[in-house]
Amino acid sequence: MKSRILFLLSLYPWLIACNPEEYSPVVEDGYQINPPVYFGDYKERIPSDNPITKNGFELGRKLFYEKALSADNSISCGTCHQQKLAFTDGKAKSEGFEGRLGKVSAMSLSNLLWTENFTWSGKFDRLKDQSLDPIQNPIEMHLPLEQAVKKLEEKGYAADFQKAFGSYDINVERIGNALAQFQRALISSDSRYDQYLRGEIEPTQSELNGMNLFFTHPIPGQLRGANCGDCHLGPLTSGDIDGFQGFHNNGLDNDETMDDGLMAVTGKPQDKGRFKTPTLRNIAVTAPYMHDGRFETLEEVLDHYNSGIKKSETLDILIIEGSNEPINVHDEIRLHLTEKEKKDVIAFLHMLTDESFLNNPDFSNPH
Ligand code: HEC
Ligand code: HEC
(Lines give C-alpha, C1' and ligand atoms only; values in the text may rest on other atoms or scores of the structure.)
(Ligands and ions follow the chains in the order given, each with its own letter.)
Protein backbone atom coordinates (compact mmCIF):
# COMPACT_ATOMS: atom_id res chain seq x y z
CA MET A 1 0.00 0.00 0.00
CA LYS A 2 2.70 2.39 1.09
CA SER A 3 4.73 1.74 -2.01
CA ARG A 4 1.71 2.42 -4.17
CA ILE A 5 1.22 5.81 -2.55
CA LEU A 6 4.89 6.58 -3.02
CA PHE A 7 4.59 5.57 -6.65
CA LEU A 8 1.64 7.92 -7.14
CA LEU A 9 3.49 10.69 -5.35
CA SER A 10 6.44 10.22 -7.64
CA LEU A 11 4.08 10.65 -10.60
CA TYR A 12 2.65 13.85 -9.18
CA PRO A 13 5.06 16.40 -10.73
CA TRP A 14 4.69 14.65 -14.07
CA LEU A 15 0.90 14.79 -13.84
CA ILE A 16 1.04 18.51 -13.15
CA ALA A 17 3.42 19.07 -16.02
CA CYS A 18 1.11 17.20 -18.37
CA ASN A 19 -2.11 18.81 -17.26
CA PRO A 20 -3.58 19.64 -20.68
CA GLU A 21 -4.86 22.98 -19.40
CA GLU A 22 -1.33 24.11 -18.50
CA TYR A 23 0.09 24.22 -22.01
CA SER A 24 -2.09 23.69 -24.96
CA PRO A 25 -0.88 23.87 -28.54
CA VAL A 26 -3.15 21.44 -30.33
CA VAL A 27 -0.28 20.18 -32.50
CA GLU A 28 3.43 20.98 -32.79
CA ASP A 29 2.99 24.18 -34.78
CA GLY A 30 -0.43 24.65 -33.26
CA TYR A 31 -2.20 27.97 -33.51
CA GLN A 32 -2.74 28.90 -29.90
CA ILE A 33 -6.39 29.24 -29.00
CA ASN A 34 -7.25 29.73 -25.36
CA PRO A 35 -11.01 29.69 -25.03
CA PRO A 36 -12.45 30.21 -21.56
CA VAL A 37 -13.48 27.04 -19.72
CA TYR A 38 -17.10 28.23 -19.57
CA PHE A 39 -17.39 27.71 -23.36
CA GLY A 40 -17.04 23.99 -22.70
CA ASP A 41 -14.53 21.52 -23.97
CA TYR A 42 -12.87 22.44 -27.23
CA LYS A 43 -10.09 19.98 -27.98
CA GLU A 44 -12.42 17.15 -28.83
CA ARG A 45 -14.42 19.49 -31.05
CA ILE A 46 -11.48 20.01 -33.41
CA PRO A 47 -11.53 17.21 -36.03
CA SER A 48 -8.45 15.03 -35.51
CA ASP A 49 -7.74 15.06 -39.25
CA ASN A 50 -7.74 18.87 -39.35
CA PRO A 51 -6.06 20.39 -36.29
CA ILE A 52 -5.52 24.16 -36.26
CA THR A 53 -1.89 24.82 -37.23
CA LYS A 54 -0.23 28.21 -37.66
CA ASN A 55 0.34 27.64 -41.36
CA GLY A 56 -3.14 26.20 -41.88
CA PHE A 57 -4.66 29.18 -40.11
CA GLU A 58 -2.61 31.63 -42.21
CA LEU A 59 -3.59 29.87 -45.43
CA GLY A 60 -7.25 29.87 -44.34
CA ARG A 61 -6.99 33.57 -43.62
CA LYS A 62 -5.53 34.31 -47.06
CA LEU A 63 -8.28 32.24 -48.71
CA PHE A 64 -11.00 33.92 -46.62
CA TYR A 65 -9.96 37.28 -48.08
CA GLU A 66 -9.13 35.94 -51.59
CA LYS A 67 -11.29 37.56 -54.28
CA ALA A 68 -9.96 35.11 -56.88
CA LEU A 69 -12.34 32.61 -55.29
CA SER A 70 -15.22 34.41 -57.02
CA ALA A 71 -16.10 34.14 -60.71
CA ASP A 72 -15.27 37.78 -61.52
CA ASN A 73 -12.59 38.33 -58.85
CA SER A 74 -14.80 40.85 -57.07
CA ILE A 75 -15.96 39.05 -53.90
CA SER A 76 -14.31 37.20 -51.07
CA CYS A 77 -15.78 35.67 -47.93
CA GLY A 78 -14.61 38.88 -46.26
CA THR A 79 -16.91 40.97 -48.45
CA CYS A 80 -19.97 39.62 -46.67
CA HIS A 81 -18.19 38.74 -43.43
CA GLN A 82 -16.39 41.94 -42.34
CA GLN A 83 -14.35 41.79 -39.16
CA LYS A 84 -15.37 45.20 -37.81
CA LEU A 85 -19.04 44.12 -38.08
CA ALA A 86 -18.30 40.82 -36.27
CA PHE A 87 -18.06 39.20 -39.72
CA THR A 88 -21.44 40.33 -41.02
CA ASP A 89 -22.05 42.85 -43.83
CA GLY A 90 -24.52 45.27 -42.26
CA LYS A 91 -27.18 44.39 -44.83
CA ALA A 92 -30.59 42.78 -44.50
CA LYS A 93 -29.92 40.56 -47.52
CA SER A 94 -26.41 39.90 -48.75
CA GLU A 95 -25.36 40.97 -52.21
CA GLY A 96 -23.29 38.35 -54.00
CA PHE A 97 -22.02 37.82 -57.55
CA GLU A 98 -23.07 40.70 -59.85
CA GLY A 99 -25.15 42.14 -57.01
CA ARG A 100 -27.46 39.14 -56.86
CA LEU A 101 -29.51 39.30 -53.67
CA GLY A 102 -29.70 36.33 -51.36
CA LYS A 103 -32.77 35.50 -49.32
CA VAL A 104 -31.11 35.87 -45.93
CA SER A 105 -28.78 38.03 -43.92
CA ALA A 106 -25.06 37.19 -43.59
CA MET A 107 -24.33 35.52 -40.27
CA SER A 108 -21.84 36.67 -37.69
CA LEU A 109 -18.84 34.34 -37.43
CA SER A 110 -17.49 33.75 -33.93
CA ASN A 111 -17.05 30.81 -31.62
CA LEU A 112 -17.95 28.48 -34.51
CA LEU A 113 -15.97 25.74 -32.79
CA TRP A 114 -19.02 25.17 -30.59
CA THR A 115 -21.54 25.34 -33.45
CA GLU A 116 -23.40 22.14 -34.31
CA ASN A 117 -25.33 23.26 -37.39
CA PHE A 118 -24.55 25.98 -39.88
CA THR A 119 -26.77 28.51 -41.71
CA TRP A 120 -30.15 29.89 -40.60
CA SER A 121 -31.91 26.72 -41.69
CA GLY A 122 -29.22 24.23 -40.64
CA LYS A 123 -28.12 23.15 -44.11
CA PHE A 124 -24.69 21.90 -43.03
CA ASP A 125 -23.28 20.11 -40.02
CA ARG A 126 -19.63 20.48 -40.94
CA LEU A 127 -17.78 23.78 -41.15
CA LYS A 128 -15.73 22.50 -44.08
CA ASP A 129 -18.86 21.85 -46.18
CA GLN A 130 -20.35 25.18 -45.12
CA SER A 131 -17.17 26.92 -46.23
CA LEU A 132 -17.08 25.40 -49.72
CA ASP A 133 -20.72 26.19 -50.46
CA PRO A 134 -20.49 29.99 -50.93
CA ILE A 135 -17.63 29.60 -53.43
CA GLN A 136 -19.85 27.61 -55.81
CA ASN A 137 -23.17 29.24 -54.96
CA PRO A 138 -24.43 31.27 -57.98
CA ILE A 139 -25.76 34.06 -55.73
CA GLU A 140 -22.55 34.25 -53.73
CA MET A 141 -19.15 33.76 -55.40
CA HIS A 142 -20.30 31.63 -58.34
CA LEU A 143 -17.07 29.75 -59.03
CA PRO A 144 -17.00 25.99 -59.75
CA LEU A 145 -14.58 24.32 -57.31
CA GLU A 146 -12.31 22.87 -60.06
CA GLN A 147 -11.80 26.42 -61.28
CA ALA A 148 -11.10 27.60 -57.75
CA VAL A 149 -8.28 25.04 -57.55
CA LYS A 150 -6.92 26.17 -60.92
CA LYS A 151 -7.01 29.86 -60.04
CA LEU A 152 -5.19 29.25 -56.76
CA GLU A 153 -2.50 27.28 -58.63
CA GLU A 154 -2.07 30.18 -61.05
CA LYS A 155 -1.82 32.66 -58.18
CA GLY A 156 1.10 30.72 -56.71
CA TYR A 157 -0.64 29.27 -53.66
CA ALA A 158 1.15 25.89 -53.94
CA ALA A 159 3.85 26.93 -51.46
CA ASP A 160 1.21 27.97 -48.89
CA PHE A 161 -0.51 24.60 -49.25
CA GLN A 162 2.85 22.86 -48.85
CA LYS A 163 3.49 24.70 -45.59
CA ALA A 164 0.00 24.00 -44.31
CA PHE A 165 -0.50 20.41 -45.41
CA GLY A 166 2.94 19.00 -46.25
CA SER A 167 2.72 18.83 -50.06
CA TYR A 168 2.16 21.22 -52.94
CA ASP A 169 -1.13 19.66 -53.94
CA ILE A 170 -4.04 22.13 -54.05
CA ASN A 171 -7.40 20.41 -53.79
CA VAL A 172 -10.96 21.09 -52.70
CA GLU A 173 -10.62 19.17 -49.44
CA ARG A 174 -7.64 21.28 -48.41
CA ILE A 175 -9.35 24.55 -49.33
CA GLY A 176 -12.26 23.59 -47.07
CA ASN A 177 -9.93 22.47 -44.29
CA ALA A 178 -7.86 25.66 -44.34
CA LEU A 179 -10.98 27.87 -44.30
CA ALA A 180 -12.31 25.82 -41.40
CA GLN A 181 -9.06 26.20 -39.44
CA PHE A 182 -9.14 29.98 -39.79
CA GLN A 183 -12.80 30.22 -38.80
CA ARG A 184 -12.45 27.89 -35.80
CA ALA A 185 -9.86 30.28 -34.43
CA LEU A 186 -12.31 33.22 -34.55
CA ILE A 187 -12.97 33.17 -30.84
CA SER A 188 -14.69 36.07 -29.14
CA SER A 189 -14.21 35.90 -25.37
CA ASP A 190 -13.07 39.29 -24.16
CA SER A 191 -16.28 41.30 -23.96
CA ARG A 192 -17.25 43.19 -20.80
CA TYR A 193 -19.44 40.20 -20.02
CA ASP A 194 -16.36 37.91 -20.14
CA GLN A 195 -14.41 40.41 -18.05
CA TYR A 196 -17.26 40.26 -15.56
CA LEU A 197 -17.27 36.44 -15.61
CA ARG A 198 -13.53 36.50 -14.93
CA GLY A 199 -14.08 38.86 -12.01
CA GLU A 200 -12.16 41.73 -13.64
CA ILE A 201 -14.87 44.40 -13.75
CA GLU A 202 -17.98 45.50 -11.88
CA PRO A 203 -20.97 45.71 -14.22
CA THR A 204 -23.23 48.78 -14.00
CA GLN A 205 -26.53 48.31 -12.18
CA SER A 206 -28.36 48.40 -15.52
CA GLU A 207 -26.06 45.74 -17.05
CA LEU A 208 -26.52 43.54 -14.00
CA ASN A 209 -30.31 43.86 -14.09
CA GLY A 210 -30.26 43.13 -17.81
CA MET A 211 -28.09 40.05 -17.32
CA ASN A 212 -30.41 38.67 -14.66
CA LEU A 213 -33.49 39.34 -16.78
CA PHE A 214 -31.82 37.81 -19.85
CA PHE A 215 -31.13 34.52 -18.09
CA THR A 216 -34.39 34.26 -16.12
CA HIS A 217 -37.59 32.49 -17.17
CA PRO A 218 -40.36 34.60 -15.60
CA ILE A 219 -42.81 33.34 -13.00
CA PRO A 220 -45.70 35.82 -12.75
CA GLY A 221 -45.83 37.48 -9.36
CA GLN A 222 -42.59 35.86 -8.21
CA LEU A 223 -39.72 36.25 -10.64
CA ARG A 224 -39.21 38.89 -13.33
CA GLY A 225 -37.52 37.55 -16.46
CA ALA A 226 -36.98 38.30 -20.14
CA ASN A 227 -36.62 34.67 -21.09
CA CYS A 228 -33.82 35.14 -23.60
CA GLY A 229 -31.43 32.61 -22.09
CA ASP A 230 -34.00 29.83 -22.60
CA CYS A 231 -32.87 29.76 -26.22
CA HIS A 232 -29.69 31.91 -26.34
CA LEU A 233 -27.96 29.53 -23.97
CA GLY A 234 -25.19 30.23 -21.49
CA PRO A 235 -22.11 32.36 -22.09
CA LEU A 236 -22.05 31.50 -25.81
CA THR A 237 -25.60 32.99 -26.07
CA SER A 238 -26.31 30.64 -28.97
CA GLY A 239 -28.58 27.65 -29.39
CA ASP A 240 -25.79 25.22 -30.00
CA ILE A 241 -26.91 21.94 -28.58
CA ASP A 242 -27.21 18.54 -30.17
CA GLY A 243 -29.19 18.04 -33.33
CA PHE A 244 -31.74 20.68 -34.25
CA GLN A 245 -32.91 21.39 -30.70
CA GLY A 246 -31.44 24.88 -30.92
CA PHE A 247 -33.81 25.77 -33.78
CA HIS A 248 -36.89 27.75 -32.75
CA ASN A 249 -39.81 29.72 -34.09
CA ASN A 250 -39.48 33.02 -32.24
CA GLY A 251 -42.77 34.49 -33.44
CA LEU A 252 -41.66 36.67 -36.35
CA ASP A 253 -44.55 35.68 -38.65
CA ASN A 254 -47.89 33.92 -38.77
CA ASP A 255 -48.49 30.64 -40.63
CA GLU A 256 -49.28 32.36 -43.94
CA THR A 257 -46.28 34.65 -44.08
CA MET A 258 -43.48 32.66 -42.48
CA ASP A 259 -40.37 31.34 -44.24
CA ASP A 260 -39.68 27.61 -44.22
CA GLY A 261 -36.60 27.63 -42.00
CA LEU A 262 -35.57 24.19 -40.78
CA MET A 263 -38.42 22.57 -42.75
CA ALA A 264 -36.41 23.29 -45.91
CA VAL A 265 -33.83 20.81 -44.59
CA THR A 266 -35.92 18.18 -42.77
CA GLY A 267 -39.12 18.35 -44.84
CA LYS A 268 -41.15 18.13 -41.61
CA PRO A 269 -44.12 20.51 -41.20
CA GLN A 270 -43.38 20.84 -37.46
CA ASP A 271 -40.08 22.50 -38.41
CA LYS A 272 -41.67 25.31 -40.42
CA GLY A 273 -40.52 28.74 -39.26
CA ARG A 274 -37.88 27.30 -36.97
CA PHE A 275 -34.48 28.96 -37.39
CA LYS A 276 -31.05 28.56 -35.90
CA THR A 277 -30.70 30.48 -32.64
CA PRO A 278 -27.75 32.73 -33.45
CA THR A 279 -25.10 33.85 -31.01
CA LEU A 280 -25.70 37.32 -29.58
CA ARG A 281 -22.01 37.99 -29.11
CA ASN A 282 -21.12 41.36 -30.68
CA ILE A 283 -24.81 41.81 -31.48
CA ALA A 284 -24.57 45.60 -31.06
CA VAL A 285 -22.46 45.78 -34.25
CA THR A 286 -24.36 43.28 -36.45
CA ALA A 287 -27.58 45.13 -37.33
CA PRO A 288 -29.94 44.60 -39.06
CA TYR A 289 -31.36 41.64 -37.16
CA MET A 290 -33.02 38.26 -37.80
CA HIS A 291 -32.57 35.91 -40.76
CA ASP A 292 -34.16 38.44 -43.07
CA GLY A 293 -32.70 41.53 -41.43
CA ARG A 294 -36.15 42.94 -40.64
CA PHE A 295 -35.19 44.87 -37.49
CA GLU A 296 -32.83 47.84 -37.63
CA THR A 297 -32.20 48.26 -33.91
CA LEU A 298 -32.02 46.30 -30.67
CA GLU A 299 -34.94 48.39 -29.41
CA GLU A 300 -37.06 46.93 -32.22
CA VAL A 301 -35.87 43.44 -31.30
CA LEU A 302 -36.90 43.94 -27.67
CA ASP A 303 -40.28 45.34 -28.77
CA HIS A 304 -40.73 42.23 -30.91
CA TYR A 305 -40.14 39.83 -28.02
CA ASN A 306 -42.09 41.99 -25.58
CA SER A 307 -45.21 42.77 -27.59
CA GLY A 308 -44.81 41.83 -31.24
CA ILE A 309 -45.04 38.03 -31.20
CA LYS A 310 -47.15 36.53 -34.00
CA LYS A 311 -49.00 33.32 -33.24
CA SER A 312 -48.53 30.27 -35.45
CA GLU A 313 -48.69 26.48 -35.32
CA THR A 314 -45.01 26.08 -34.60
CA LEU A 315 -44.52 29.05 -32.26
CA ASP A 316 -42.11 27.97 -29.55
CA ILE A 317 -43.54 26.92 -26.20
CA LEU A 318 -40.77 28.87 -24.45
CA ILE A 319 -42.18 32.05 -26.02
CA ILE A 320 -45.82 31.13 -25.32
CA GLU A 321 -45.07 30.39 -21.67
CA GLY A 322 -42.68 33.28 -21.14
CA SER A 323 -44.67 36.06 -19.50
CA ASN A 324 -44.39 38.25 -16.43
CA GLU A 325 -48.19 38.31 -16.08
CA PRO A 326 -50.55 35.35 -15.66
CA ILE A 327 -51.44 33.92 -19.07
CA ASN A 328 -54.96 33.65 -20.41
CA VAL A 329 -55.30 31.51 -23.56
CA HIS A 330 -57.18 34.27 -25.36
CA ASP A 331 -54.53 36.88 -24.64
CA GLU A 332 -52.00 38.21 -27.03
CA ILE A 333 -48.60 36.74 -26.22
CA ARG A 334 -46.74 39.32 -24.18
CA LEU A 335 -43.62 39.32 -22.04
CA HIS A 336 -44.84 42.37 -20.08
CA LEU A 337 -41.43 43.95 -19.52
CA THR A 338 -41.28 47.59 -18.41
CA GLU A 339 -39.49 50.24 -20.50
CA LYS A 340 -36.67 50.22 -17.97
CA GLU A 341 -36.35 46.43 -18.11
CA LYS A 342 -36.12 46.53 -21.90
CA LYS A 343 -33.32 49.12 -21.61
CA ASP A 344 -31.51 46.95 -19.07
CA VAL A 345 -31.59 43.90 -21.38
CA ILE A 346 -30.16 46.09 -24.14
CA ALA A 347 -27.42 47.26 -21.77
CA PHE A 348 -26.54 43.60 -21.25
CA LEU A 349 -26.54 42.99 -25.02
CA HIS A 350 -24.03 45.84 -25.38
CA MET A 351 -21.86 44.09 -22.81
CA LEU A 352 -21.33 41.33 -25.40
CA THR A 353 -19.29 43.59 -27.70
CA ASP A 354 -15.67 42.43 -27.83
CA GLU A 355 -13.41 45.19 -29.19
CA SER A 356 -10.30 43.02 -29.11
CA PHE A 357 -12.07 40.48 -31.34
CA LEU A 358 -13.32 43.16 -33.74
CA ASN A 359 -9.82 44.64 -34.00
CA ASN A 360 -7.61 41.56 -33.66
CA PRO A 361 -4.93 42.03 -36.38
CA ASP A 362 -4.62 38.21 -36.74
CA PHE A 363 -8.11 38.09 -38.23
CA SER A 364 -7.71 40.99 -40.67
CA ASN A 365 -7.18 40.98 -44.43
CA PRO A 366 -3.56 39.88 -45.09
CA HIS A 367 -3.50 40.85 -48.78
C1 HEC B 1 -22.59 37.09 -50.79
C2 HEC B 1 -22.32 37.13 -49.38
C3 HEC B 1 -21.55 35.99 -48.75
C4 HEC B 1 -20.33 35.50 -49.13
C5 HEC B 1 -19.46 35.93 -50.29
C6 HEC B 1 -20.00 34.48 -48.14
N7 HEC B 1 -21.00 34.37 -47.23
FE8 HEC B 1 -21.00 33.16 -45.58
N9 HEC B 1 -22.92 33.62 -45.26
C10 HEC B 1 -23.67 34.50 -45.99
C11 HEC B 1 -25.07 34.33 -45.69
C12 HEC B 1 -26.20 35.12 -46.32
C13 HEC B 1 -25.16 33.32 -44.71
C14 HEC B 1 -26.42 32.68 -44.17
C15 HEC B 1 -26.72 31.57 -45.19
C16 HEC B 1 -28.00 30.81 -44.97
O17 HEC B 1 -28.55 30.87 -43.90
O18 HEC B 1 -28.43 30.09 -45.90
C19 HEC B 1 -23.79 32.90 -44.45
C20 HEC B 1 -23.43 31.92 -43.53
C21 HEC B 1 -22.13 31.51 -43.30
C22 HEC B 1 -21.72 30.61 -42.25
C23 HEC B 1 -22.63 29.94 -41.22
C24 HEC B 1 -22.46 30.55 -39.85
C25 HEC B 1 -23.33 29.93 -38.83
O26 HEC B 1 -23.23 30.32 -37.66
O27 HEC B 1 -24.15 29.03 -39.14
C28 HEC B 1 -20.37 30.41 -42.39
C29 HEC B 1 -19.48 29.55 -41.54
C30 HEC B 1 -19.96 31.19 -43.54
N31 HEC B 1 -21.04 31.87 -44.04
C32 HEC B 1 -18.66 31.21 -44.04
C33 HEC B 1 -18.34 31.76 -45.28
C34 HEC B 1 -17.09 31.51 -45.98
C35 HEC B 1 -15.95 30.66 -45.47
C36 HEC B 1 -17.16 32.20 -47.15
C37 HEC B 1 -16.15 32.24 -48.27
C38 HEC B 1 -15.76 30.96 -48.86
C39 HEC B 1 -18.44 32.89 -47.18
N40 HEC B 1 -19.12 32.59 -46.04
C41 HEC B 1 -18.85 33.74 -48.19
C42 HEC B 1 -23.17 35.41 -46.91
C43 HEC B 1 -21.97 35.25 -47.57
C1 HEC C 1 -37.81 30.53 -28.30
C2 HEC C 1 -36.41 30.80 -28.40
C3 HEC C 1 -35.93 32.25 -28.29
C4 HEC C 1 -36.14 33.13 -27.26
C5 HEC C 1 -36.95 32.91 -26.00
C6 HEC C 1 -35.41 34.33 -27.61
N7 HEC C 1 -34.79 34.17 -28.82
FE8 HEC C 1 -33.73 35.56 -29.80
N9 HEC C 1 -33.65 34.37 -31.44
C10 HEC C 1 -34.16 33.08 -31.51
C11 HEC C 1 -34.08 32.62 -32.87
C12 HEC C 1 -34.51 31.26 -33.37
C13 HEC C 1 -33.55 33.67 -33.62
C14 HEC C 1 -33.37 33.72 -35.15
C15 HEC C 1 -34.74 33.94 -35.72
C16 HEC C 1 -34.78 34.29 -37.19
O17 HEC C 1 -33.95 35.04 -37.64
O18 HEC C 1 -35.70 33.84 -37.88
C19 HEC C 1 -33.29 34.77 -32.69
C20 HEC C 1 -32.74 35.98 -33.05
C21 HEC C 1 -32.43 36.98 -32.15
C22 HEC C 1 -31.72 38.19 -32.48
C23 HEC C 1 -31.17 38.54 -33.86
C24 HEC C 1 -29.81 37.92 -34.05
C25 HEC C 1 -29.18 38.21 -35.37
O26 HEC C 1 -28.02 37.79 -35.57
O27 HEC C 1 -29.79 38.80 -36.26
C28 HEC C 1 -31.59 38.91 -31.33
C29 HEC C 1 -30.89 40.25 -31.18
C30 HEC C 1 -32.23 38.17 -30.29
N31 HEC C 1 -32.74 37.01 -30.82
C32 HEC C 1 -32.32 38.58 -28.97
C33 HEC C 1 -33.14 37.96 -28.03
C34 HEC C 1 -33.49 38.54 -26.75
C35 HEC C 1 -32.95 39.87 -26.24
C36 HEC C 1 -34.35 37.69 -26.16
C37 HEC C 1 -35.09 37.87 -24.85
C38 HEC C 1 -35.91 39.07 -24.76
C39 HEC C 1 -34.53 36.55 -27.07
N40 HEC C 1 -33.77 36.76 -28.19
C41 HEC C 1 -35.35 35.45 -26.82
C42 HEC C 1 -34.67 32.35 -30.46
C43 HEC C 1 -35.10 32.90 -29.26
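How many salt bridges are there between domain 1 and domain 2?

1. **Salt bridges.** The count between domain 1 and domain 2 is zero. This is a predicted model, and side-chain atom pairs count only at pLDDT 80 or more.

2. **Division.** Domain 1 covers residues 37-188. Domain 2 covers residues 192-351. Their C-alpha centres are 28 Å apart. Domain 1 gives 28 residues to the contact, and domain 2 gives 28 residues.

3. **Buried area.** The size of an interface is often expressed as the accessible area lost when the parts come together. Here the two domains bury about 2200 Å² between them. Carbon and sulfur atoms carry 60% of that area. On the domain 1 side, the residues that lose the most area to domain 2 are Tyr-38, Asn-117 and Trp-120. Together they make up 30% of what that side buries.

4. **Polar contacts.** Salt bridges are absent between the domains, but polar contacts are found. Eight residue pairs are in polar contact across the interface of domain 1 and domain 2, with both residues at pLDDT 80 or more.

5. **Composition of the domain 1 side.** The residues of domain 1 that touch domain 2 comprise 10 nonpolar, 12 polar and six charged. Six charged residues thus sit on that side, while the salt-bridge count between the domains is zero.

6. **Annotation.** An unreviewed UniProt entry lists residues 205-353 as "domain: Cytochrome c". The assignment used here ends domain 2 at residue 351 and begins it at residue 192. In the model, the UniProt span is 27% helix and 3% strand. Its end C-alpha atoms lie 18 Å apart.

How values were computed. Residues numbered from 1 in each chain as written. Chains lettered and ligands numbered in written order. Predicted model: local features only at pLDDT ≥ 70, side-chain atom pairs only at ≥ 80, totals over all residues. Heavy atoms only, no water. Domains from an automatic or database assignment. Contact = heavy atoms within 4.5 Å. Buried area = accessible area lost by both parts, 1.4 Å probe. Salt bridge = Lys/Arg side-chain N within 4 Å of Asp/Glu carboxyl O. Polar contact = N/O pair within 3.5 Å; in protein donor to acceptor, adjacent residues only side chain to side chain. Nonpolar A, V, L, I, M, F, W, Y, C, P; charged D, E, K, R; others polar. UniProt positions renumbered as here; feature names shortened; annotations may be inferred. Helix = DSSP H or I, 4+ residues; strand = E, 2+ residues; numbered from the N terminus.
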